[in-house]
Amino acid sequence: MDRPKVEPPADVTYRFEWGKRGDPAEDAVLQDAEQRIKAVDMAIAQQDPLHEAYRFYSEGEAAADSQKYIQEFVDHKARTTGMTRFYRESVHVRNDGTASLAYCEDQSKAFNKFLDTGKTDVTSVTNDSYVAYAATLRKNSRGVWVTERLVSERGSAKCQP
């Protein structure tokens with residue numbers, strides 16, 4: 001199966017502290033979630049709220065929410081830059097072809113870059129720099145773990161350093 005090429009800009013980097021779990025299904029969930037995260041950043045950089053890459057890895061509510069999120073960057077003529085760290089993941093694969101994934105995101109070294117000026121909005125690190133996510137995924141007919149629902153909590157106590 002052909003998967004979309006996901007290539008965020010060179011100045012958008014990631015540190016996924018998700019180690020291999022040794023369970024093929026759990027590893028596949030984490031891999032497809034990682035691709036969805038990168039595909040959203042790529043869509044932001046390309047200023048395309050309907051980019052095929054993130055829609056390959058998300059459906060339903062998660063795809064609609066990603067489209068709105070990307071559109072906000074387009075409206076502000078901005079994109080992301082810097083390094084984002086992902087950690088404290090917890091994944092559970094069920095027998096019915098669904099999975100739950102929870103993880104933390106450290107945005108303390110990630111910033112908004114404005115396309116008109118090229119300026120980066122370097123912000124101070126606060127509790128809000130740390131975000132907790134909870135996702136519901138489903139393995140689709142192509143064997144891809146698509147994110148169907150994704151909720152976030154900015155400033156989550158469980159993600160603070």
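1. A convenient place to enter this structure is Glu26, which is found in helix 1, the helix made of residues 24-45. The model is a predicted one, and the remarks below should be read with that in mind. With a relative accessibility of 19%, Glu26 counts as buried, because the limit for that class is under 20%. Once the neighbours within four places in sequence are set aside, Glu26 is in contact with Arg21, Val91 and Val93. Of these partners, Val93 also appears in a strand pairing, where Val93 stands opposite Ala99 in strand 3.

2. As for the chain as a whole, its secondary structure comes to three helices and six strands. Followed along the sequence, these elements give the pattern β-α-α-α-β-β-β-β-β. The radius of gyration is 15 Å, close to the 15 Å that the globule rule gives for 161 residues, so the chain is as compact as a globular protein of that length. Taken along the principal axes, the box filled by the C-alpha atoms is roughly 50 × 35 × 25 Å.

3. Some further totals describe the interior and the surface of the chain. Buried residues account for 45% of the 161 residues, and the accessible surface comes to about 8,500 Å², with 46% of that area belonging to carbon and sulfur atoms. If one takes the contacts between residues at least 6 apart in sequence, 64% of them join residues that are at least 24 apart. The chain has 23 positive and 26 negative charges, and the mean positions of the two sets are 2 Å apart.

4. Turning to the strands, strand 1 (residues 12-16) runs parallel to strand 2 (residues 78-93), and five bridges join the two. Within this pairing, Thr13 stands opposite Met83 in strand 2. Strand 2 is also joined to strand 3 (residues 98-114), in this case by 13 bridges and in the antiparallel sense. Strand 2 and strand 3 form a hairpin with four residues between them, and Gly97, which lies in the turn, has a positive phi of about 85°.

5. Asp106, a residue of strand 3, deserves separate attention. Its relative accessible area is 9%, and Asp106 is therefore classed as buried. Leaving aside neighbours within four places in sequence, Asp106 is in contact with Met83, Thr84, Arg85, Tyr87, Ser129 and Tyr130. Met83, named among these contacts, is the residue of strand 2 that stands opposite Thr13. By contrast, a distance of 20 Å, C-alpha to C-alpha, lies between Asp106 and Ala78, which are 28 residues apart in sequence.

6. A second hairpin is built from strand 5 and strand 6, with five residues between the strands, and there Gly143 takes a positive phi near 85°. The pairing of strand 5 (residues 130-139) with strand 6 (residues 145-154) is antiparallel and extends over nine bridges. In this pair, Arg138 stands opposite Val146 in strand 6.

7. Helix 3 (residues 60-75) contains Ala63, and Ser66 lies in helix 3 as well. Ala63 has a relative accessibility of 13% and so counts as buried, while Ser66, at 9%, is likewise classed as buried. Not counting residues up to four places away in sequence, Ala63 touches Tyr54 and Ser58, and Ser66 touches Val40 and Tyr54; Tyr54 is thus a contact of both Ala63 and Ser66. Ala63 and Leu50, which are 13 residues apart in sequence, have their C-alpha atoms 9.3 Å apart in space.

8. Two backbone angles should be checked by a reader new to the model. Most residues other than glycine have a negative phi. Gln47, although not a glycine, has a positive phi of about 55°; Gln47 is found in the loop between helix 1 and helix 2 (52-57), and with a relative accessible area of 22% it is partly exposed. Arg88 is another residue other than glycine with a positive phi, in this instance near 50°. Arg88, however, lies in strand 2, and at 47% relative accessibility Arg88 counts as partly exposed.

Conventions:
Residues are numbered from 1 along each chain as its sequence is written. This is a predicted model: local features need pLDDT of at least 70, side-chain atom pairs count only at pLDDT 80 or more; totals for chains, interfaces and linings use all residues. Side-chain values use heavy atoms; hydrogens and water are left out. Two strands pair if DSSP finds at least two bridges between them. The radius of gyration is taken over C-alpha atoms; the globule rule is 2.2 Å times the number of residues to the power 0.38. Buried means under 20% relative accessible area, exposed over 50%, partly exposed in between (1.4 Å probe, protein chains only). Contact means heavy atoms within 4.5 Å. Accessible areas come from the Shrake-Rupley method with a 1.4 Å probe; for residues, only the protein chains shown count as cover. Lys and Arg count as positive and Asp and Glu as negative; His and the chain ends are not counted. The place of a charge is taken as NZ of Lys, CZ of Arg, CG of Asp or CD of Glu.
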